[in-house]
Amino acid sequence: MGDTTDLSRRRLLQYLGLGAVATAVIPEWVFAAVEQGAPERSGPSDPDVEIGMTALTTEVPILSSDRPTKVWRFSGELIKGPSGTVEEIPGSYLGPILRLRQGQKVRIRFHNKLPEDCVIHQHGLLVPEKADGHPRHQIGSGQTSVYEFTVLDRAGTYWFHPHTDKRTAEQAYYGMAGLILVTDTEEQLLDLPRHEHDIPLVIQDRSFDDRNQLRYIAHMHDRWMGFLGDRLLVNGKPDFVLPAATRAYRLRILNGSNSRIYKLVWSDGSPLTVIGTDGGLLESPAVRNYVMLAPGERVDLWTDFRGRKLGDEITLRSAAFSGVMPMMGMGGGMMGMGRGMGGGMMGGMGAALPNGAECPILTVRIVREDRSDQPALPRRLSQIQRYRPQDAANARNPRSIHLSMMGMSPRLNGRSFELTKVVEDEIIPLNTLQLLEFVNRDHRARGMMMAHPMHIHGQTFQVLKRELAPGFEQRYASVSQGFIDNGWKDTVLVMPGEKVTILKRFDRYTGLYLYHCHNLEHENMDMMRNFLVQA
Ligand code: C2O
Ligand code: CU
Ligand code: CU
């Protein structure tokens, strides 16, 4: 490969967020695999980690043990690799937590025992297209497929879920999702809370019938606005209580809901200390009064309970906010329909707990005093190399993605998903930095505009800027301070009236990589397209 080798090494290091000095810590075979494009064609022949993952139907006790709930779930089994790589969450419908290390070669043997097609997507990780879970790779009931990839991404909280054509929302809703926690040398060198003090929290809303069974879409309007449940679950449990000691914790929060957006606050008014986002640690902690978390997004919090008293309780809540849902009867195309259906600024129309309504998420209860030596919040968490817009291959010509509602069908640049099709502006040259903008300003249907959490497969990206069109300020006011945009992201919430510009690299692998709205009902309604990354 001659002098492209150095270039790709430099890019890999850049991607891993490391300077040249770090060359020594990256095993030679990572470069070898990357340079030869080996994972794409054959996959690692001798994986460090091999996992058996089965999608199946089962029952778990959610609301009561004598009336269990029928769910679908991923069940994992470690075939090869360090013990602790696959950790099941007892009694939960959630899939196992996969604990991986940067540089590991991973093989997942997927057995589909659902009564329908399925495929696994590794959300947030850069993997070869065959391991990325594109719907064209979904397999039928009773079939098996193998995903092989090298963990290239930095330490962070990632996750996996199905990406089945027009079935992702249902499959995720009935339970199919799990976390992937990646660690790396940079993170290991920090004194962050570990083990039982490093707590993953998956937030989801569900709705149950009187026999404790999950209830999905009841009305058509849930489908185009997104499903909203009235019961908040954390790690698959209602009324979640976290017993804690008077010490520092790392809380890694995933919004695994289909369409609910959260405005995270502590009930006693304490600010939140954010140490990470979708793609791992920030450069330095960010302190906020509230944090917005849209479906698919993750946030990593440093939470210190020192100074609390035994028996104290603090609740993590979603505070009330507005502006994310269509504004019925506010000059939109749905004028007149809204009033009778309980619409308005809150949106959610018929939903028992509308998007933006206040609700408790979990309670922390102080049960133990801890006077041992404790980690202090590091001032510097990681190194992030900032992309520069002038370095983008299309610096003068950003690729615009317009979000819209055609009737009741959400679209991207007026288009719906086509399994393998791309149009010209969806073809991206390999190894380029691209300027992309998500534009949520469909003025023809102003009242129908809603917030869309936009997600792109492949490498994580950086948010360059948010611009709000005049006239949207009031609608934006209650969420505007809650975006953590200075870390690595794979999903970004685009509010009505906003244009969000991002910088994203397309390195390493060619092929079809999806971009879509992570409101899973919107994804199901084909608010999704392919990028074709081409050498
Ligand atoms: Cu988490 Cu394409 O999705
Ligand atoms: Cu994804
Ligand atoms: Cu959407």
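Reader: What area does the chain expose, and what share of it do carbon and sulfur atoms supply?
Author: The chain exposes about 19,800 Å², by the Shrake-Rupley method with a 1.4 Å probe, where for residues only the protein chains shown count as cover. This is a predicted model, in which local features need pLDDT of at least 70 and side-chain atom pairs count only at pLDDT 80 or more, whereas totals for chains, interfaces and linings use all residues. Residues are numbered from 1 along each chain as its sequence is written, chains are lettered from A and ligands numbered from 1 in the order in which they are written, and side-chain values use heavy atoms, with hydrogens and water left out. The share of the exposed area from carbon and sulfur atoms is 50%.

Reader: What percentage of the residues counts as buried?
Author: A residue is buried under 20% relative accessible area, exposed over 50% and partly exposed in between (1.4 Å probe, protein chains only). Among the 535 residues of the chain, the buried share is 63%.

Reader: Among contacts between residues at least 6 apart in sequence, what percentage joins residues at least 24 apart?
Author: A contact means heavy atoms within 4.5 Å. For the contacts in question, the share joining residues at least 24 apart is 79%.

Reader: How many helices and strands are in the chain?
Author: Helices (H or I, at least four residues) and strands (E, at least two) are DSSP runs, numbered from the N terminus. By this rule the chain has eight helices, and its strands number 31.

Reader: In the open sheet with the order 24-31-30-26-28, which strands stand at the edges?
Author: Two strands pair if DSSP finds at least two bridges between them. The pairing in this sheet of five strands is mixed, and three bridges join strand 26 to strand 30, which run antiparallel. Neighbouring strands are turned by 25° against each other on average, direction ignored; axes are lines fitted to C-alpha atoms, for helices over the stretch in contact, and angles run from 0 to 180 degrees between N-to-C directions. Two strands have a single partner strand each, so one side of each is left without a neighbour in the sheet: strand 24 (427-429) and strand 28 (491-494).

Reader: Which residue in strand 21 is the bridge partner of T315?
Author: Strand 21 belongs to an open sheet of five strands with mixed pairing and the order 13-21-20-15-18. Six bridges join strand 20 (residues 313-318) to strand 21 (residues 359-368), and the two run antiparallel. The partner of T315 is T363.

Reader: Are the rings of Y173 and Y174 stacked or edge-to-face?
Author: Rings of Phe, Tyr and Trp (its six-membered ring) pair if their centres lie within 6.5 Å; planes under 30 degrees apart count as stacked, over 60 as edge-to-face and the rest as tilted. Y173 is buried at 0% relative accessible area, whereas Y174 is partly exposed at 23%. The centres lie 5.3 Å apart and the planes stand at 80°, so the pair is edge-to-face.

Reader: Which charged residue sits over the ring of F506?
Author: F506 forms an edge-to-face pair with F531, 5.7 Å centre to centre with 80° between the planes, and both residues are buried. A charge sits over a ring if NZ of Lys or CZ of Arg is within 6 Å of the ring centre and within 35 degrees of the ring normal. At 4.2 Å from the centre of the F506 ring lies the charged end of K504.
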